[in-house]
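I'm opening a fresh page for a structure I haven't looked at before. Here it is, so I can scroll along while I write.

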Amino acid sequence: MTSSDQDQARNKPDRKRQARSTYAAIASLAIPTFGQLIAEPLFVMIDTGIVGHVSDSALAGLSIGSTVVLTTVGLCVFLAYGTTSQVARLMGAGRRREGMEIGIDGMWLAFIIGVVVCAILMIFSRPLCSVMGASGQVLDAAQQYLNALIFGLPAMLLVYAANGIFRGLQKVNITLVAAISGAILNTILEVLFVFGLHMGILGSGLATLIAEWYMGLFLTIPALIWARREGASLRPRMSGIASSMGDGFPLFLRTLALRVCLVMTVVAAAHLGERVLAAYQGVNSAWNFGLNMLDAVGIAGQSLVATELGAHHKARARKMTDLSAKAGMIMGVLVGLVMIALGLFATPLFSPTPAIRSLITVGMIVQGAFMPIAGWMWALDGILIGAEDYRYLAATCSLTALVYVACLLGLTNLARGWEDTWRIAMLWGAINILFIGIRAIFNGLRARTDTWMDQALVAD
């Protein structure tokens, strides 16, 4: 055995220990982070399970209303992602007070955006739901749900911003407690308002509104306390708020492009019939839940890689990137199997209507089969965000949106003469092959280079 072979044999156990240590670090951050990420999708999933037993039109209306809410909240994801990467990198560089003040700036920005968006949606809720294809009883249900829920937007955006601080500090256990207790409160109030007080879909929206403000206070107060302990100012700094907005603008464009894709998918489902739209909502609620499990892995990798880049440990950042991508794929396999099982055995949880149940089964199976590639792509997406590679992500996601929307419009017109089973399969097949697949190619090509890491190191 040569000396080189001997060195490789000695280093092999070290590499295995390093890999196990990295996976453990990813899990320790991903599990609690999942708690925060699932808050809004979990509330919508609970709403779906309960409202689905009110009426088919109520479930279809929920699909429209929840899409407006999730799109609005999703567009502000930069409040968490941007803050996470900045706080983590500053912590890695030993600049704790500065990192905390950036987090506080993000919280002030979140509250301002939440109030403004809430006021806008109060005025335009019905026209928005109508533009998305809702009419008649479906439109009435969508507006009732949305009008109740929009008052919780400031709270949910504060949660996003506060979690940027928690992730950057790698203190994320509190988010899991908030999500579990918030979900329990939401479920209890849902049953009380919808079935006990017979308030229908309006009661569902009110229950979620209360749970959102509970979570907002639960997480905002500790974030402020921790910031004060680090000596950070809690007052609004207009320069810091403006900087947070400017730094997050490319990330906002990236998210806007992706949300356009998801909104257009709901519009397509609405034009393919009430049963397809109702079934799409059943699959979509589970999909959003599963995607946040994948996103939790990506954010854990984001925090770890950003910390290493802040400390200028490029080789360790590369290794963590590779291991995080593998962890994302493994999580995708697990989530995909769960989705397929839900589609085969648990469709009564989403609707009492046999025809809609069968469509949900088809959608769940199609979606579950593609989840591994989604897990890999989502992990790389989080890491590139952590390196603040926002311009690349904005450009590639915009290109993805152009291709996806163009293809979706053509497929929707083609599917007008198809049976509902093929329609729902087409929708979820398009999401995975085009919306996720194209992004996976772009993210994979970028991750193979050192450009994104070099940019982050130069920025420091």
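Below are my notes on the helices, the cores and one arginine.

**Entry 1, a caveat.** I'm working with a predicted model.

**Entry 2, helix α9.** I checked whether the length of α9 adds up. Helix α9 runs over residues 200-229, and its 30 residues should span 44 Å at 1.5 Å a residue. I got 45 Å between its end C-alpha atoms, which agrees. After α9 comes Gly231, with a positive phi near 85°.

**Entry 3, α3 and α6.** How do the axes of helix α3 and helix α6 cross? For α3 (residues 56-75) and α6 (residues 136-149), I found axes that come within 7 Å and cross at roughly 45°. That makes α3 oblique to α6, and the crossing is right-handed. Residues of α3 that meet α6 include Ala58, Gly61, Leu62 and Gly65; on the α6 side I noted, among them, Val138, Ala141, Ala142 and Tyr145.

**Entry 4, the cores.** The largest nonpolar core has 98 residues, and Trp287, Tyr404, Leu427 and Phe435 have the most contacts inside it. Helix α16 gives the largest share of this core, 12 residues. I also found a second, separate core of 22 residues, with Leu251, Ala327, Met453 and Leu457 among them. Back to Trp287: beyond four places in sequence, its contacts include Met339, Met371, Trp428 and Phe435.

**Entry 5, Arg446.** Buried or exposed, I wondered about Arg446? Arg446 counts as buried because its relative accessibility is 14%, under the 20% cut-off. Arg446 sits in helix α16, residues 420-447. Leaving out residues up to four places away in sequence, Arg446 touches Leu384, Asp389, Tyr392, Thr451, Trp452 and Gln455.

Note on methods:
Residues numbered from 1 in each chain as written. Predicted model: local features only at pLDDT ≥ 70, side-chain atom pairs only at ≥ 80, totals over all residues. Heavy atoms only, no water. Helix = DSSP H or I, 4+ residues; strand = E, 2+ residues; numbered from the N terminus. Buried < 20%, exposed > 50% of the residue type's maximum accessible area, 1.4 Å probe, protein only. Contact = heavy atoms within 4.5 Å. Expected span 1.5 Å × (residues − 1). Core = buried A, V, L, I, M, F, W, Y, C linked by side-chain atoms within 4.5 Å. Axes fitted to C-alpha atoms, helices over the stretch in contact; angles between N-to-C directions. Parallel < 35°, antiparallel > 145°, perpendicular 65-115°, else oblique. Left-handed = near helix turned anticlockwise from the far one by under 90°.
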